[in-house]
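I opened the model to go through its fold, one helix pair and a handful of single residues. My entries follow in the order in which I looked things up.

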Amino acid sequence: MRHGHSEANERHLIISTPARGLSAFGLSHQGEAQLQALLDDWRWPSPTRILHSDFLRTTETATRVATHFGLALQAEPRLRERDFGDFEGGPDCRYPDVWALDAQDPEHCEHGVESAASVAARMQGVIASLEQSLRQETVLLVSHGDPLQILLTALAGRALGEHRARDALLPASITLLD
(Lines give C-alpha, C1' and ligand atoms only; values in the text may rest on other atoms or scores of the structure.)
Protein backbone atom coordinates (compact mmCIF):
# COMPACT_ATOMS: atom_id res chain seq x y z
CA MET A 1 0.00 0.00 0.00
CA ARG A 2 1.18 3.48 -0.80
CA HIS A 3 0.60 5.98 2.02
CA GLY A 4 -2.27 8.43 1.76
CA HIS A 5 -1.86 11.92 0.33
CA SER A 6 0.65 13.72 2.52
CA GLU A 7 1.58 17.25 3.51
CA ALA A 8 4.67 16.84 1.30
CA ASN A 9 2.41 15.93 -1.66
CA GLU A 10 0.23 18.94 -0.86
CA ARG A 11 3.23 21.28 -0.74
CA HIS A 12 4.94 19.65 -3.77
CA LEU A 13 8.08 18.88 -1.77
CA ILE A 14 10.52 15.99 -1.84
CA ILE A 15 10.76 14.63 1.71
CA SER A 16 12.95 11.54 1.55
CA THR A 17 15.26 11.46 4.56
CA PRO A 18 14.63 10.36 8.13
CA ALA A 19 15.75 13.78 9.37
CA ARG A 20 12.60 15.33 7.89
CA GLY A 21 10.29 12.38 7.22
CA LEU A 22 10.20 10.64 10.59
CA SER A 23 8.63 13.48 12.56
CA ALA A 24 7.00 15.80 10.00
CA PHE A 25 5.02 15.82 6.76
CA GLY A 26 2.30 13.42 7.81
CA LEU A 27 -1.04 12.91 6.11
CA SER A 28 -2.94 15.84 4.66
CA HIS A 29 -6.70 16.29 5.16
CA GLN A 30 -7.09 14.78 1.69
CA GLY A 31 -5.03 11.77 2.79
CA GLU A 32 -7.19 11.27 5.88
CA ALA A 33 -10.30 11.33 3.69
CA GLN A 34 -8.74 8.87 1.22
CA LEU A 35 -8.02 6.42 4.02
CA GLN A 36 -11.51 6.70 5.45
CA ALA A 37 -13.02 5.98 2.02
CA LEU A 38 -10.63 3.06 1.51
CA LEU A 39 -11.49 1.52 4.88
CA ASP A 40 -15.22 2.04 4.34
CA ASP A 41 -14.98 0.13 1.04
CA TRP A 42 -12.23 -2.41 1.87
CA ARG A 43 -12.23 -5.10 -0.83
CA TRP A 44 -8.91 -6.86 -0.27
CA PRO A 45 -8.09 -9.75 2.04
CA SER A 46 -8.01 -8.56 5.65
CA PRO A 47 -4.43 -8.19 6.84
CA THR A 48 -3.20 -10.24 9.77
CA ARG A 49 -0.03 -8.16 10.12
CA ILE A 50 1.03 -4.65 9.08
CA LEU A 51 4.61 -3.56 8.44
CA HIS A 52 5.32 0.06 7.55
CA SER A 53 8.01 2.57 6.78
CA ASP A 54 8.74 4.58 9.90
CA PHE A 55 8.19 7.92 8.14
CA LEU A 56 5.29 9.88 9.64
CA ARG A 57 3.04 9.67 6.56
CA THR A 58 3.34 5.88 6.36
CA THR A 59 3.04 5.43 10.12
CA GLU A 60 -0.18 7.47 10.14
CA THR A 61 -1.53 5.46 7.19
CA ALA A 62 -0.64 2.14 8.81
CA THR A 63 -2.11 3.27 12.14
CA ARG A 64 -5.48 3.99 10.52
CA VAL A 65 -5.56 0.55 8.88
CA ALA A 66 -4.31 -1.22 12.02
CA THR A 67 -6.96 0.46 14.17
CA HIS A 68 -9.65 -0.58 11.69
CA PHE A 69 -8.58 -4.24 11.84
CA GLY A 70 -7.50 -4.31 15.49
CA LEU A 71 -3.88 -5.09 14.65
CA ALA A 72 -0.50 -4.05 16.04
CA LEU A 73 2.01 -2.18 13.92
CA GLN A 74 5.58 -3.11 13.11
CA ALA A 75 7.95 -0.45 11.78
CA GLU A 76 10.26 -1.73 9.04
CA PRO A 77 12.97 0.81 8.06
CA ARG A 78 13.72 -1.05 4.81
CA LEU A 79 10.32 0.20 3.58
CA ARG A 80 11.46 3.84 3.85
CA GLU A 81 11.26 6.38 1.06
CA ARG A 82 14.00 6.42 -1.54
CA ASP A 83 16.65 8.98 -0.56
CA PHE A 84 16.61 11.71 -3.19
CA GLY A 85 19.94 13.16 -2.03
CA ASP A 86 20.55 16.76 -3.07
CA PHE A 87 16.87 17.18 -4.01
CA GLU A 88 15.74 16.62 -0.38
CA GLY A 89 13.39 19.40 0.71
CA GLY A 90 13.19 20.78 -2.80
CA PRO A 91 10.34 20.89 -5.30
CA ASP A 92 8.87 17.61 -6.52
CA CYS A 93 9.30 18.76 -10.12
CA ARG A 94 12.83 17.29 -9.79
CA TYR A 95 11.57 13.68 -9.64
CA PRO A 96 11.54 13.31 -13.46
CA ASP A 97 15.21 14.33 -13.54
CA VAL A 98 16.06 11.36 -11.33
CA TRP A 99 13.76 9.01 -13.22
CA ALA A 100 15.41 9.93 -16.53
CA LEU A 101 18.77 8.98 -15.02
CA ASP A 102 17.24 5.75 -13.67
CA ALA A 103 16.11 4.82 -17.19
CA GLN A 104 19.70 5.17 -18.40
CA ASP A 105 21.33 3.45 -15.42
CA PRO A 106 19.44 2.00 -12.43
CA GLU A 107 22.76 1.87 -10.53
CA HIS A 108 23.34 5.65 -10.71
CA CYS A 109 23.77 7.71 -7.55
CA GLU A 110 24.00 11.11 -9.20
CA HIS A 111 23.08 14.05 -6.96
CA GLY A 112 23.47 11.72 -3.96
CA VAL A 113 20.30 9.84 -4.89
CA GLU A 114 19.85 6.27 -3.65
CA SER A 115 20.06 4.06 -6.72
CA ALA A 116 17.03 2.20 -8.00
CA ALA A 117 19.09 -1.00 -7.68
CA SER A 118 19.72 -0.31 -3.99
CA VAL A 119 16.03 0.40 -3.39
CA ALA A 120 15.10 -2.83 -5.17
CA ALA A 121 17.55 -4.84 -3.05
CA ARG A 122 16.26 -3.54 0.29
CA MET A 123 12.60 -3.84 -0.70
CA GLN A 124 13.11 -7.38 -2.04
CA GLY A 125 14.90 -8.16 1.22
CA VAL A 126 11.67 -7.37 3.08
CA ILE A 127 9.70 -9.71 0.81
CA ALA A 128 12.28 -12.50 1.16
CA SER A 129 12.29 -12.30 4.96
CA LEU A 130 8.48 -12.32 5.06
CA GLU A 131 8.23 -15.33 2.78
CA GLN A 132 10.45 -17.26 5.18
CA SER A 133 8.80 -16.25 8.45
CA LEU A 134 5.18 -15.31 7.72
CA ARG A 135 4.07 -17.67 4.97
CA GLN A 136 0.54 -18.21 6.30
CA GLU A 137 -0.24 -14.56 7.01
CA THR A 138 -1.72 -11.76 4.97
CA VAL A 139 0.78 -8.94 5.39
CA LEU A 140 0.10 -5.34 4.45
CA LEU A 141 3.25 -3.38 3.62
CA VAL A 142 2.84 0.40 3.81
CA SER A 143 5.53 2.27 1.92
CA HIS A 144 6.13 5.07 -0.60
CA GLY A 145 5.52 5.54 -4.31
CA ASP A 146 9.02 5.22 -5.72
CA PRO A 147 10.15 2.23 -3.61
CA LEU A 148 6.91 0.39 -4.40
CA GLN A 149 7.18 1.15 -8.14
CA ILE A 150 10.74 -0.17 -8.10
CA LEU A 151 9.75 -3.27 -6.08
CA LEU A 152 6.87 -4.12 -8.41
CA THR A 153 9.16 -3.71 -11.43
CA ALA A 154 11.75 -6.04 -9.87
CA LEU A 155 9.14 -8.63 -8.91
CA ALA A 156 7.84 -8.60 -12.49
CA GLY A 157 11.35 -9.40 -13.72
CA ARG A 158 11.57 -6.17 -15.69
CA ALA A 159 14.60 -3.92 -16.01
CA LEU A 160 14.71 -1.56 -13.02
CA GLY A 161 15.20 1.43 -15.30
CA GLU A 162 11.63 0.84 -16.50
CA HIS A 163 10.02 1.48 -13.09
CA ARG A 164 8.38 4.70 -14.30
CA ALA A 165 6.90 2.93 -17.32
CA ARG A 166 4.44 1.31 -14.87
CA ASP A 167 1.22 3.12 -14.05
CA ALA A 168 1.93 5.43 -11.12
CA LEU A 169 0.73 4.21 -7.74
CA LEU A 170 -1.77 6.69 -6.38
CA PRO A 171 -1.82 7.76 -2.75
CA ALA A 172 -3.72 5.27 -0.55
CA SER A 173 -3.67 2.65 -3.31
CA ILE A 174 -3.24 -1.07 -2.73
CA THR A 175 -1.54 -3.56 -5.03
CA LEU A 176 -2.18 -7.21 -4.30
CA LEU A 177 0.76 -9.62 -4.51
CA ASP A 178 0.31 -13.36 -4.32
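**Entry 1: Phe 25**

I began at Phe 25, which sits in the loop between helix H2 (18–21) and helix H3 (29–40). I note here that the model is a predicted one. I looked up the backbone of Phe 25 and found phi near 65°, a positive value in a residue other than glycine. Is Phe 25 buried or exposed? Its relative accessible area is 14%, so I put Phe 25 down as buried.

**Entry 2: Ala 172**

I went on to Ala 172, in the segment after H7. Phi of Ala 172 is near 65°, again a positive value in a residue that is not glycine. The relative accessibility of Ala 172 is 10%. With the cut-off for buried at under 20%, I entered Ala 172 as buried because of that value.

**Entry 3: the whole chain**

I then stepped back to the whole protein chain. How many helices and strands does the protein chain have? I wrote down 7 helices and 3 strands. Along the sequence they run in the pattern α-α-α-β-α-β-α-α-β-α. The radius of gyration is 15 Å, close to the 16 Å that the globule rule gives for 178 residues, so I recorded the chain as being as compact as a globular protein of that length.

I took the box along the principal axes next: the C-alpha atoms fill roughly 45 × 35 × 25 Å. Of the 178 residues, 48% count as buried. The accessible surface comes to about 8500 Å², and carbon and sulfur atoms hold 50% of that surface. I also looked up the contacts with a separation of 6 or more: residues 24 or more positions apart account for 69% of them.

**Entry 4: H6 and H7**

I picked helix H6 (residues 116–133) and helix H7 (residues 145–155) as the pair to describe. Two packed helices are described by the angle between their axes and the distance between the axes. How do the axes of H6 and H7 cross, and within what distance do they come? The axes come within 9 Å and cross at roughly 75°. Angles of 65 to 115 degrees count as roughly perpendicular, which makes H6 roughly perpendicular to H7.

I listed the residues that make the contact. On H6 they are Ala 116, Val 119, Ala 120, Arg 122, Met 123, Gln 124 and Ile 127. On H7 they are Pro 147, Leu 148, Ile 150, Leu 151, Ala 154 and Leu 155. I sorted the residues of this contact into 11 nonpolar, 1 polar and 1 charged.

**Entry 5: strand E2**

I looked at two residues of strand E2 (residues 73–75), starting with Gln 74. Gln 74 has 35% relative accessibility and counts as partly exposed. Leaving out neighbours within four places in sequence, I found Gln 74 in contact with Arg 49, Ile 50, Leu 51 and His 52. I checked its spacing to Leu 141: the two are 67 residues apart in sequence, and their C-alpha atoms are 9.8 Å apart.

Ala 75 is also placed in strand E2. Ala 75 is partly exposed, with a relative accessible area of 44%. Setting aside neighbours within four places in sequence, I noted contacts of Ala 75 with His 52 and Asp 54. From Ala 75 I went back to Phe 25, which is 50 residues away in sequence and 17 Å away, C-alpha to C-alpha.

**Entry 6: Val 142**

I moved to Val 142 in strand E3 (residues 139–142). Val 142 has 0% relative accessibility and counts as buried. Which residues does Val 142 touch, not counting those up to four places away in sequence? I listed Met 1, His 3, Ile 50, Leu 51, His 52, Ser 53, Thr 58, Thr 61, Ala 62 and Leu 79. Val 142 and Thr 59 are 83 residues apart in sequence and 8.1 Å apart in space, C-alpha to C-alpha.

**Entry 7: Gly 85**

I closed with Gly 85, in the loop between E2 and helix H5 (95–104). Beyond neighbours within four places in sequence, I found Gly 85 in contact with Ser 16, His 111, Gly 112 and Val 113. The C-alpha atoms of Gly 85 and Ala 8 are 16 Å apart, with their positions 77 residues apart in sequence.

Conventions
Residues are numbered from 1 along each chain as its sequence is written. This is a predicted model: local features need pLDDT of at least 70, side-chain atom pairs count only at pLDDT 80 or more; totals for chains, interfaces and linings use all residues. Side-chain values use heavy atoms; hydrogens and water are left out. Axes are lines fitted to C-alpha atoms, for helices over the stretch in contact, and angles run from 0 to 180 degrees between N-to-C directions. Helices (H or I, at least four residues) and strands (E, at least two) are DSSP runs, numbered from the N terminus. Angles under 35 degrees count as roughly parallel, over 145 as roughly antiparallel, 65 to 115 as roughly perpendicular and the rest as oblique. Contact means heavy atoms within 4.5 Å. Ala, Val, Leu, Ile, Met, Phe, Trp, Tyr, Cys and Pro count as nonpolar, Asp, Glu, Lys and Arg as charged, and the others, Gly among them, as polar. The radius of gyration is taken over C-alpha atoms; the globule rule is 2.2 Å times the number of residues to the power 0.38. Buried means under 20% relative accessible area, exposed over 50%, partly exposed in between (1.4 Å probe, protein chains only). Accessible areas come from the Shrake-Rupley method with a 1.4 Å probe; for residues, only the protein chains shown count as cover.
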